[in-house]
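Here are some short exercises, each followed by a worked solution. Take your time with each one, and keep the structure in view as you go.

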Amino acid sequence: MEVLKEKVEEEEAAEREDAAERGEKMAKPPPPETRKEETPMTQEMLRDLEKKLSDIEIAIPDMIVTKDTKVTVDTSMLPASYQSNTPKEEHLLQVAVNFSCQYSHLCPDRVPLFLYPLNECEVPKFVSTTIRPTLMPYTELYNWDSCAQFVADFLSMEPLADPLKPPTHLYSPTTVLKYQRGNCFDFSTLLCSMLIGAGYDAYCVNGYGSQDLCFMDLTREVCPLTMKSKTKVQRKQVAPPKKYAVKPPRDLTSRYEQDQERKKQEKIKAEEEKRLKEEEERLQDLVFDLGDPVRWEYLLLGTDKPHLSILDDDDDNLVDDDDVENLGKEDEDKGFDMPHSWVDPIEISPEAFETRCPNGMKVIHYKRAKLEKWAPYLNSNGLMSRLSTYEDLECTKLLEMKEWYQNREDMLELRHIHKDTGLIIDYFKPGHPQALRVHSYRSMQPENDRVMEFYEKARVDGLIKREETPKSMTEHYQGRPDFLAYRHVTYGARVKKVMLSSAESNPRPMMKITERFFRNPAKPADEDVEERGFLISEERIQLRYHCREDHITASRREFLRRTEVDSKGNKIIMTPDMCLSYEVEPMEHTKKLLYQYEAMMQLKEQEKLSRHQAWESELEVLEILKLLEEEEEAHTLKISIYDTKRNEKSREYREAMERVMHEEHLRQVEAQLDYLAPFLAQLPPGEKLTRWQAIRLKDECLMDFKQRLIDKANLIQARFEQETQELQKKQQWYQENQVTLTTEDEDLYLSYCSQAMFRIRILEQRLNRHKELAPLKYLALEEKLYKDPRLVEHLKVYS
């Protein structure tokens with residue numbers, strides 16, 4: 001503890017001056033002019049005053065808790081170290097009491113030290129022995145930040161009985177973990193124990209803090225999840241200027257002004273750093289160098305800490321060898337062996353570590369935000385946390401909401417809901433059946449505004465993004481062998497029909513299809529199409545080719561797509577006016593009608609293919625929407641095969657294996673029993689077995705075994721018939737109440753039928769197996785009786 005005499009004297013002098021000033025102000029009588037004569041109080045006036053005072057209700061603020069909020073602890077099962085002190089601990093308590101008395105004597109105006117509070121068994125314990133360094137078997141608790149977050153989530157905060165005084169009790173970390181409740185001292189003790197166990201140099205400090213800090217009130221803090229991470233601005237690589245590119249304008253900014261502005265900002269920054277440094281030096285009264293004996297006082301002496309020398313350099317020659325030996329012995333006598341922690345090793349079960357929060361749920365309020373957390377598998381839809389952001393400080397006007405999910409079969413990871421616009425954005429992890437990555441929508445109904453983004457490496461067609469509106473659909477591609485990069489489809493009004501409209505039964509008419517392609521280096525630029533448009537309603541096809549590097553314009557063509565035959569059935573011949581073109585460098589073969597005719601025929605086939613692919617995209621959107629609706633209704637969760645408690649198949653397999661092992665054990669025990677013991681007990685003890693008695697024992701043993709085989713068969717048959725009758729009754733009940741049953745009742749019925757059929761099938765197999773093995777077991781026992789050493793002499797003659 002800090003014992004800095006000069007500082008203490010200054011503080012005491014300042015306090016005495018303040019007290020003197022306050023005393024003068026309080027003792028100073030009012031001026032004579034303002035004094036009034038006091039009116040004597042009558043009995044009636046006193047009664048009225050007493051009545052008025054009794055009617056006044058005093059409201060106690062919520063932040064002040066006047067009673068002890070500690071939970072009731074069952075101390076009957078706690079170890080002996082919790083309920084008593086060892087002689088070494090008693091010695092340590094005496095040292096602590098002595099030190100506390102000296103500290104109170106030297107610093108009477110300071111708060112008493114927090115050295116030996118009571119534990120849960122009402123036994124005083126030294127504070128440092130309450131800390132139990134333990135390395136937890138979870139890698140998440142190896143780092144200080146994740147460890148602190150776990151303690152904050154695992155425990156429920158309880159305010160101190162008096163916010164200005166330390167608690168009277170300091171519970172062990174094991175008890176705090178068991179009840180998952182504690183005050184700020186309990187939080188610190190548990191966290192310090194875990195951090196020291198993980199290798200950190202951690203300490204617990206007793207002091208004062210703000211009200212928000214002491215009550216874990218985060219309503220004035222901004223939620224960390226709402227803060228946007230600072231992304232590094234990457235400089236765009238400037239492409240080399242082309243030959244015919246327009247030169248950029250000259251930079252007319254003054255370099256002198258830039259240098260002056262930079263120097264000005266550096267000067268302001270240096271002054272700000274200097275001011276902060278001076279303020280820090282002024283406010284840093286305490287120096288946390290625990291090895292400095294001038295500012296810190298040791299409770300227990302030790303040889304591993306530096307200390308001030310009481311002798312000057314000039315007096316070194318006055319100390320002889322005997323004095324050095326005596327000083328060493330004195331230091332050894334003053335040394336004290338610190339007792340070990342009285343707390344048991346800290347243990348956190350895997351179930352408790354997974355549950356995390358008390359009762360599996362915790363709510364944290366931030367400034368204009370609320371964060372809710374749940375344990376895994378607590379919610380049937382896999383919801384793990386929800387962040388609600390509000391517009392006002394009272395958190396009444398919901399602005400947006402983010403929900404995080406885990407272990408979902410549909411790989412849904414995050415759902416972002418914008419309440420003001422109604423926009424919903426779903427984020428999926430890799431592994432979705434349709435390789436869906438992001439889905440933005442306002443309604444799950446088809447032919448509405450939506451955006452779907454995909455994992456392009458998981459799709460064969462290389463689709464990256466699909467945007468849909470009521471009148472159009474836009475798709476973006478990457479890495480296709482045909483170099484397709486973009487497709488935009490414009491739809492017209494659907495022909496109305498009586499039946500339900502859909503893309504399969506009543507597709508929307510396509511008015512225009514626009515496709516764009518990446519550059520194909522294997523083709524010349526004049527023959528590599530960059531964009532083509534199929535104007536279906538106008539019966540035209542427009543082409544635009546890639547531009548050469550040394551050109552500023554690109555070639556274009558437009559075909560008038562007419563039918564191959566006219567109204568009379570005559571074949572239409574290709575004419576020059578059916579192809580309009582602009583070529584940067586005209587070539588002779590492109591002007592021929594045969595070339596134009598073949599190009600137009602090829603474009604017609606490509607138009608059919610593009611229309612078919614656009615129609616398949618519509619069907620895929622319907623399929624994805626249907627799949628998402630089914631997954632949202634089912635919201636089944638994935639369970640690891642190693643999770644034997646939640647995995648039903650793994651549990652059933654384990655139970656079956658345990659049952660087989662148990663039956664095998666029973667067979668082994670039965671084989672070790674003496675099958676003749678019950679029959680030999682009927683004979684007089686010590687009497688020699690006769691031939692007639694041996695034959696009777698054999699017959700009785702075989703008859704008894706045969707009866708047991710029959711009883712076992714009858715028992716299996718009775719169980720089989722009972723299960724069959726119960727299943728028939730359940731089926732009859734289902735037929736009578738099928739109309740009024742709910743979906744949950746039908747699921748229960750189907751589950752019961754599946755389990756009943758499984759039991760009936762097992763009983764049938766056991767009965768058939770018993771019928772097959774019963775004669776063999778009978779013959780095996782008969783052979784064993786003939787070979788039994790107690791009967792072999794008599795049965796050998798009989799056989």
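## Exercise 1: An arginine in a loop

R459 has a relative accessibility of 13%, so this arginine counts as buried. Keep in mind that the model is a predicted one.

**Task.** Find where R459 sits, and work out which residues R459 is in contact with beyond its neighbours within four places in sequence.

**Solution.**
- Step 1: Locate the residue. R459 belongs to the loop that lies between β10 (450-454) and β11 (463-469).
- Step 2: Recall the cut-off. Buried means under 20% relative accessible area, and R459 has 13%, so it falls in that class.
- Step 3: List the contacts. Leaving aside neighbours within four places in sequence, R459 touches Q434, A435, F454, R466 and E620.
- Step 4: Look at Q434 again. A polar atom of the R459 side chain lies 3.4 Å from the backbone oxygen of Q434.

## Exercise 2: An asparagine before a helix

**Task.** Decide whether N183 is buried or exposed, and find the backbone atom that lies 3.0 Å from a polar atom of its side chain.

**Solution.**
- Step 1: Place N183 in the loop between β2 (181-182) and α7.
- Step 2: Check the accessibility. N183 has a relative accessibility of 5%, and therefore counts as buried.
- Step 3: Follow the side chain. One of its polar atoms is 3.0 Å from the backbone nitrogen of F185.

## Exercise 3: Two helices that cross

**Task.** Describe how helix α5 (residues 144-154) and helix α7 (residues 184-197) cross, and say what kinds of residues make their contact.

**Solution.**
- Step 1: Start with the geometry. The two axes come within 10 Å and cross at roughly 145°.
- Step 2: Add the handedness. The crossing of α5 past α7 is right-handed.
- Step 3: Name the residues. From α5 come W144, C147, A148, F150, V151 and A152, while α7 supplies F187, L190, L191, M194 and L195.
- Step 4: Sort them. The contact of α5 with α7 has 11 nonpolar residues, no polar ones and no charged ones.

## Exercise 4: A strand and its partners

**Task.** How many bridges join β5 to β4, and how many pair β5 with β6?

**Solution.**
- Step 1: Find β5 at residues 383-390, where 8 of its 8 residues are buried.
- Step 2: Turn to β4 (residues 369-374). This strand runs antiparallel to β5, and 5 bridges join them; A369 has T389 of β5 as its bridge partner.
- Step 3: Turn to β6 (residues 398-405). Its pairing with β5 is antiparallel too, over 7 bridges, and R386 has E403 of β6 as its bridge partner.

Conventions: Residues numbered from 1 in each chain as written. Predicted model: local features only at pLDDT ≥ 70, side-chain atom pairs only at ≥ 80, totals over all residues. Heavy atoms only, no water. Axes fitted to C-alpha atoms, helices over the stretch in contact; angles between N-to-C directions. Helix = DSSP H or I, 4+ residues; strand = E, 2+ residues; numbered from the N terminus. Left-handed = near helix turned anticlockwise from the far one by under 90°. Contact = heavy atoms within 4.5 Å. Nonpolar A, V, L, I, M, F, W, Y, C, P; charged D, E, K, R; others polar. Buried < 20%, exposed > 50% of the residue type's maximum accessible area, 1.4 Å probe, protein only. Pairing = 2+ DSSP bridges. Polar contact = N/O pair within 3.5 Å; in protein donor to acceptor, adjacent residues only side chain to side chain.
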